[in-house]
Amino acid sequence: MAGLPRPIITLLTDFGTADGYVAEMKGVLLSLAPDAHLVDISHEVPPQDVMRARLTVSRYWRRFPPCTVHLVVVDPGVGTARAALAVASEGRFLVGPDNGVLSAAIGADHARVVDLDVPGGASPTFHGRDVFAPAAARLAHGEPLDILGRTHRRSVMLHTPVPVRAESGGITGEIIAIDRFGNAITNIDRRLLEKFADGRSIAIAVAGHDIPRIVATYAEAPARELCALFGSTDHLEIAINAGDAATALGLSRGAAATVRLVR
């Protein structure tokens, strides 16, 4: 209808762009919702990395306008008994597998979740094309969530590990993600760290490596210097200015990050 904004559908997958899987889903979306504006979030989630997909969704799903439909297909359990979900949360919609990738939206207040009907002819290896894309297109067209399936009450929920207070009195957390720049993002946020330090000096270490100092921006540290800072999600990151901290220190997800008071 003239004057109405184009519906937005975002796509996040682990498909890459070499094999045409993303194109097949887009073909379905545009056939069923030809006026939709398709936004590629990323197709470079590491294969089958549900935790990385969950963290990625948690960053962006609220940033889009109300009525946006977020299509998320990182689905190592495709074709099994895992449910296929559509979610209405905070004025937005999300469609994807019931494996934890949609946890951020499902866990919000007043979220509604339905178990999508799977068509009889759907490929057991490509629900992204045959189940999730058609559901996303229907939501983008304004169809009510409730007609897409039955109410789903027990969704798989994944959560970021919570830092713990060590027996020594410090904080023990861990790396939860490594971005494409090699910055190692921890589960220690600014509020927790500032409450713990209470104005006192602290020392930070990750995987046995001492971090010289906390800076406000990457460029505040000299080139190639190891440092820590609070990134855009307000979580403590380990970084090297103009370098790759994860490679230099041999870091991976799950590596311990500790904070202690300097006495």
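Glu143 is partly exposed, with a relative accessible area of 28%, and Arg138 also counts as partly exposed, at 33%. (Here buried means under 20% relative accessible area, exposed over 50%, and partly exposed in between, using a 1.4 Å probe and protein chains only.) The side chains of Glu143 and Arg138 meet in a salt bridge, that is, a side-chain nitrogen of Lys or Arg within 4 Å of a carboxyl oxygen of Asp or Glu.

A quick word on the model. It is a predicted one, where local features need pLDDT of at least 70 and side-chain atom pairs count only at pLDDT 80 or more, while totals for chains, interfaces and linings use all residues. Residues are numbered from 1 along each chain as its sequence is written, and side-chain values use heavy atoms, with hydrogens and water left out.

**Salt bridges**

The count comes to eleven salt bridges, including these:

| Pair | Closest N to O |
|---|---|
| Arg129 and Glu24 | 2.8 Å |
| Arg112 and Asp146 | 3.1 Å |
| Glu143 and Arg138 | 2.9 Å |

Arg129 sits in helix H4 and Glu24 in helix H1, so their salt bridge ties together parts that are 105 residues apart in sequence. (Helices are DSSP runs of H or I with at least four residues, strands are runs of E with at least two, and both are numbered from the N terminus.) Glu24 and Arg129 also belong to a salt-bridge network with Asp130. As for Arg112 and Asp146, Arg112 is partly exposed at 40%, whereas Asp146 is exposed at 51%.

**A buried arginine**

Arg92 belongs to strand S5 (residues 92–97). What is the nearest side chain of opposite charge to Arg92? That would be Glu90, 5.0 Å away, and buried Arg92 has no salt bridge. (For charge, Lys and Arg count as positive and Asp and Glu as negative; His and the chain ends are not counted.) The side chain of Arg92 instead reaches backbone oxygens: that of Glu90 at 2.5 Å and that of Phe64 at 2.7 Å. Leaving out residues up to four places away in sequence, Arg92 touches several others, among them Trp61, Pro65, Cys67 and Val87; contact means heavy atoms within 4.5 Å.

**The cores**

In the largest nonpolar core there are 31 residues, and those with the most contacts inside it are Ile9, Leu29, Leu71, Val95 and Leu116. Such a core is a set of buried Ala, Val, Leu, Ile, Met, Phe, Trp, Tyr and Cys residues joined through side-chain atoms within 4.5 Å. H4 gives the most to this core, with eight residues. Leu29 touches, among others, Ile9, Leu71 and Ala133, not counting residues up to four places away in sequence. Apart from this core lies another, of 23 residues, with Ile171, Phe196, Ile240 and Ala255 among them.

**Strand S14**

Five of the six residues of S14 (residues 235–240) are buried, so the strand is largely enclosed by the rest of the structure. Strand S13 (residues 226–230) pairs with S14 in the antiparallel sense over five bridges, and Leu226 has Ile240 as its bridge partner. (Two strands pair if DSSP finds at least two bridges between them.) S13 and S14 form a hairpin with four residues between them, and Asp234 in the turn has a positive phi of about 65°. Strand S10 (residues 184–189) also runs antiparallel to S14, joined by three bridges, with Asp189 opposite His235.

How values were computed:
Polar contact = N/O pair within 3.5 Å; in protein donor to acceptor, adjacent residues only side chain to side chain.
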